[in-house]
Amino acid sequence: GPSKVASASAWCCFRLGEQAMPDEAKWMRRQRRLFTNFMNARLSDRDDVPPVTDMFEDIKDGRLLYALLEELSGQSLAPLGKVKTKGKGGKPLTRIDHVANLSISFRYLTQTTKIVGIGPGDIADGNPGLILGLLWSIIVFFTAKDLGGLDDVSALKKKILKWCQKRTEANEDVEVRNLKDSFMGGRAFLAILNDVDPGFEYAPSGSATENFNKAFKEAADRYGVPELLDGDDEDCWKDEQAMVTYLSEMMKRLPERAEDLTPAAMRWVDEHEPQTTDDLRAVCAIPSVPAKNPDGCRQCASKLAEIARRDGLADVSIVDDDGGAPFVVASSPKHDKALPTLLFVGDYGVEDPDALAWTSDPFEPTDLEGGRRLRAAAACGKAGALGPIKAV
């Protein structure tokens with residue numbers, strides 16, 4: 001059901017352009033940079049919205065918020081409505097059009113997260129405080145969901161803090177007690193990156209900005225972590241919302257240690273072994289020799305696609321252009337377009353068992369070793385096709 005997040009009405013600030021105004025508070029400047037860079041990173045592959053340059057102005061017409069929610073959720077908002085890009089007769093959109101566009105996004109938000117004290121009209125009017133509050137609420141909701149379905153901001157902060165502490169525990173000169181001043185000077189960022197890759201030398205300097213820039217560049221270049229913080233701002237750690245957002249991006253994108261992943265992976269294998277065995281038995285029972293069983297190949301492809309959909313993969317489709325053995329295509333539901341794509345390939349086609357002198361029915365799977373192994377003509381090959389579906 002809907003999750004309650006920070007109230008947007010708790011914000012109080014003033015209107016400004018993208019360039020810093022003389023009386024602009026530093027925290028405002030940091031958050032404006034944070035949310036601008038966050039949206040540009042998330043929307044970099046979309047051609048229906050231009051890059052964000054003036055956040056408070058660009059969000060008014062509703063297209064930016066609509067696109068952002070689609071990218072964060074991995075869902076199309078089209079069933080809720082289609083945004084207008086032009087007014088009547090090709091004229092510019094009016095405020096009424098802006099509110100109508102924004103209302104589509106708010107319909108989605110009311111089904112997912114609870115936004116308090118803010119509506120489409122506030123965004124159409126360019127209210128900076130409410131815009132910042134709305135964006136923060138959205139980021140918290142989706143970040144908490146990505147990191148394990150956490151209930152609220154407090155749970156999210158605790159999980160991030162625990163992760164940072166584990167990543168820095170080997171460095172005696174770094175003690176992470178919180179998500180703000182423990183990162184003063186940049187040492188903690190460098191320690192996290194050194195923990196991920198010991199080849200990245202932990203050699204902090206006496207310059208905070210030098211440490212920040214080194215860490216942020218390494219995280220961006222090697223792991224695709226968007227540069228949401230300003231490395232030239234030696235006090236960038238003072239804004240907890242910016243720190244939570246950036247550290248959560250590090251947490252999602254940096255690889256885990258092998259020793260951290262092994263116990264969880266083995267628990268997953270134990271918990272899912274019965275279903276996985278049943279799935280392997282089902283696909284092995286389908287004759288799929290390309291030269292002899294074209295119908296069997298299509299049946300096997302359909303079965304693999306059915307398993308992929310059931311297990312939560314996205315964009316599952318069957319490609320059968322040339323009438324041969326169809327391809328099954330699917331992607332991770334958490335695919336981040338900012339990161340490189342890793343392609344897994346498996347083959348469900350098998351050799352003709354008649355040429356291999358089988359003494360039992362090659363497509364009648366037989367349990368071995370109490371059911372922990374399976375014998376069939378296709379067991380080895382089809383396990384390679386089923387494995388990536390289970391792993392992703």
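Me: What makes the contact between glutamate 70 and arginine 46 a salt bridge?
Reply: A salt bridge needs a side-chain nitrogen of Lys or Arg within 4 Å of a carboxyl oxygen of Asp or Glu. Here the N to O distance is 2.9 Å, so the pair fits that definition. Bear in mind that this is a predicted model, where local features need pLDDT of at least 70, side-chain atom pairs count only at pLDDT 80 or more, and totals for chains, interfaces and linings use all residues. Residues are numbered from 1 along each chain as its sequence is written, and side-chain values use heavy atoms, leaving out hydrogens and water.

Me: Why is glutamate 70 called buried?
Reply: Buried means under 20% relative accessible area, exposed means over 50%, and partly exposed is in between (1.4 Å probe, protein chains only). Glutamate 70 has 12%, so buried is the right word. Arginine 46, at 17%, is buried too.

Me: What makes glutamate 240 partly exposed?
Reply: Its relative accessibility is 30%, so it counts as partly exposed. Lysine 157 has 27%, so that label goes to lysine 157 as well.

Me: How do you know that glutamate 240 and lysine 157 form a salt bridge?
Reply: Their closest N and O atoms are 3.0 Å apart. Glutamate 240 sits in helix H10 (residues 240–253) and lysine 157 in helix H7 (residues 153–168), so the pair ties together parts 83 residues apart in sequence. Helices here are DSSP runs (H or I, at least four residues), numbered from the N terminus.

Me: How many salt bridges does a search of the whole structure find?
Reply: It finds 27.

Methods: Helix = DSSP H or I, 4+ residues; strand = E, 2+ residues; numbered from the N terminus.
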